[in-house]
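The following exercises ask the reader to study one protein with its sequence and structure at hand. Each task is followed by a worked solution.

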Amino acid sequence: MRAEARLIAAILALALAGCAPRGGPRPIAIGTPCAACGMSIQDLRYACEVEREGALRVYDAIECLLRAGPAPARAWLADYDTRALHAADSLWVVRADIPSPMGGGYAAFIDPAVAAEIASSRNGRIGRLADFAAGGAEAPDSATTPGAAAGRDPVARQP
């Protein structure tokens, strides 16, 4: 009887584990509507996702996420180069002369040297998402660069 009870408990534990939240973002599909502006997401280089009130919401641009309210604790931004979603606090956000979907000029980079180069070459600023959400790195008038990488401009590349 004890072995049977342990087997049932193990099966129930596995079943419940399958129902638990994944703990991360879900993939964003082209054509998904933005939770803030309703536009169809067309360029995954700028897409982002947040968890608000227990629900995952996707945005077509970082500026839409910022307009939607305070930056949530759980947010994921796409690395411009790879389009892969990463925790927002692991990426460097640049606001510069970048043709983002909503025209705000935001893009995120996992590599701080690339972010610094883009900020420097495109009249921008660099910071974390929380910096921009708080208004601390808002104006793209002077670049803050922790060091620049030479010879690369990923923003000029086509998807």
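The exercises proceed from the whole chain to its sheet, its cores and one helix.

The model is predicted, so local features are reported at pLDDT of at least 70 and side-chain atom pairs at pLDDT 80 or more, while totals for chains, interfaces and linings use all residues. Residues are numbered from 1 along each chain as its sequence is written, and side-chain values use heavy atoms, without hydrogens and water.

**Exercise 1. The whole chain**

Determine how many helices and strands the protein has, and in which pattern they follow.

Solution. Step 1: helices (H or I, at least four residues) and strands (E, at least two) are DSSP runs, numbered from the N terminus. Step 2: by this rule the protein has 4 helices and 7 strands. Step 3: along the sequence they give the pattern α-β-β-α-β-β-β-β-α-β-α. Step 4: of the 159 residues, 36% are buried, where buried means under 20% relative accessible area, exposed over 50%, and partly exposed in between, with a 1.4 Å probe and protein chains only.

**Exercise 2. The open sheet**

State in which order the 4 strands of the open sheet lie, and which strands stand at the edges.

Solution. Step 1: two strands pair if DSSP finds at least two bridges between them. Step 2: the order is β2-β1-β3-β4, with antiparallel pairing. Step 3: β2 and β4 (85-87) each have a single partner strand, so one side of each lacks a neighbour in the sheet, and these two stand at the edges. Step 4: β1 (residues 48-52) and β2 (residues 55-59) are joined by 5 bridges, and Cys 48 lies opposite Tyr 59 in β2. Step 5: the hairpin of β1 and β2 has 2 residues between the strands, and Glu 53 takes a positive phi near 50° there. Step 6: β3 (residues 75-78) pairs with β4 over 3 bridges; Trp 76 has Ala 87 in β4 as its bridge partner.

**Exercise 3. The nonpolar cores**

Identify which residues touch the most other members of the largest nonpolar core, and which element gives the most to this core.

Solution. Step 1: a nonpolar core is a set of buried Ala, Val, Leu, Ile, Met, Phe, Trp, Tyr and Cys residues joined through side-chain atoms within 4.5 Å. Step 2: the largest such core has 17 residues, of which Tyr 59, Ile 62, Leu 65, Leu 66, Leu 77, Val 93 and Leu 129 touch the most other members. Step 3: β1, α2 (62-67), β3, β6 (106-109) and α4 (129-133) are the elements that give two or more residues to this core. Step 4: α2 gives the most, with 4 residues. Step 5: apart from this core lies another, of 12 residues, including Tyr 46, Ile 98, Phe 109 and Val 114.

**Exercise 4. Helix α3 and Arg 95**

Find which residues of helix α3 (residues 112-121) are buried, and decide whether Arg 95 is buried or exposed.

Solution. Step 1: in α3, the buried residues are Val 114, Ala 115, Ala 116, Glu 117, Ile 118 and Ala 119. Step 2: their cover includes β5, β6 and β7 (125-127). Step 3: at the start of α3, a side-chain oxygen of Asp 111 comes within 2.9 Å of the backbone nitrogen of Ala 113. Step 4: just after α3, Asn 123 has a positive phi of about 55°. Step 5: Arg 95 is found in β5 (residues 92-95), and Arg 95 counts as buried because its relative accessibility is 19%. Step 6: a polar atom of the Arg 95 side chain lies 3.0 Å from the backbone oxygen of Gly 104.

Notes. A polar contact is a pair of N or O atoms within 3.5 Å; within protein, one must be able to donate a hydrogen and the other to accept it, and residues adjacent in sequence count only if both atoms are side-chain atoms. Contact means heavy atoms within 4.5 Å.
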